[in-house]
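Here are a few exercises to work through with the model open in your viewer. Try each task before you read its solution.

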Amino acid sequence: SFISAGSSLVNRWGQVTPLGSLLAVLFTLGFLFALFRLTDYLRNRIERKGLAKQMTEIWEEASEEAENDVAGLALSYILVQALIHLVLGLVLHHGEVVEHGTHGGHGAHGGHEGVVE
């Protein structure tokens, strides 16, 4: 869902300004950081309430690993989409061009239509 939300931001903000797509990446990064800090805080509060230390350590380690995986996948996908939008002026959705950016592209391939595979 983070990938979908970030892609939507890239598409919407990228239509306003070419650098808007990169701002969407930064916004997603900030949102994920805040969300993961909140979940870390909640896990630490539960740990203080007396659950077995070994159990909470395993929970903490698994949660942090999953959070890193989610952040890495979501941010890398959204960053690539933002760069494609910034350089080529294309808006992608699952590998297909669904519309052109309003700025017409900024790279050597700007303005070409077709499916990006």
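**Exercise 1: the nonpolar patch**

In this predicted model, Trp13, Leu23, Leu26, Phe27, Leu29 and Phe31 make a nonpolar surface patch of about 600 Å². Task: find out which helix gives the most to the nonpolar patch, then decide whether Phe31 counts as buried, partly exposed or exposed.

Solution, step by step:
- Start with the helix: α2, residues 20-48, gives the most, with five residues.
- Now place Phe31, which is found in helix α2.
- Finally, check the cover: partly exposed runs between 20% and 50% relative accessible area. Phe31 has 44% relative accessibility, so it counts as partly exposed.

**Exercise 2: the salt bridges**

Task: the structure holds four salt bridges; take some of them and work out which residues are joined into one network by shared partners.

Solution, step by step:
- Begin with Asp40 and Arg37, whose closest N and O atoms are 3.6 Å apart in a salt bridge. They sit three residues apart in helix α2, so about one helical turn separates them. Asp40 counts as buried at 14% relative accessibility, while Arg37 is partly exposed at 49%.
- Move on to Arg43, which forms a salt bridge with Glu60 at 3.4 Å between the closest N and O atoms. This pair links distant parts of the chain, with Arg43 in helix α2 and Glu60 in helix α3 (residues 53-88), 17 residues apart. Both Arg43 and Glu60 are buried.
- Arg43 also meets Glu67 in a salt bridge, 3.2 Å from N to O. Since Glu67 lies in helix α3 and Arg43 in helix α2, the pair ties together parts 24 residues apart in sequence. Glu67 is buried, as is Arg43.
- Put it together: salt bridges with shared partners join Arg37, Asp40, Arg43, Glu60 and Glu67 into one network.

Conventions
Residues are numbered from 1 along each chain as its sequence is written. This is a predicted model: local features need pLDDT of at least 70, side-chain atom pairs count only at pLDDT 80 or more; totals for chains, interfaces and linings use all residues. Side-chain values use heavy atoms; hydrogens and water are left out. Patches are made of residues with over 30% relative accessible area and no salt bridge: like charges are joined within 9 Å, nonpolar side chains (Val, Leu, Ile, Met, Phe, Trp, Tyr) within 5 Å. Accessible areas come from the Shrake-Rupley method with a 1.4 Å probe; for residues, only the protein chains shown count as cover. A salt bridge is a side-chain nitrogen of Lys or Arg within 4 Å of a carboxyl oxygen of Asp or Glu. Helices (H or I, at least four residues) and strands (E, at least two) are DSSP runs, numbered from the N terminus. Buried means under 20% relative accessible area, exposed over 50%, partly exposed in between (1.4 Å probe, protein chains only).
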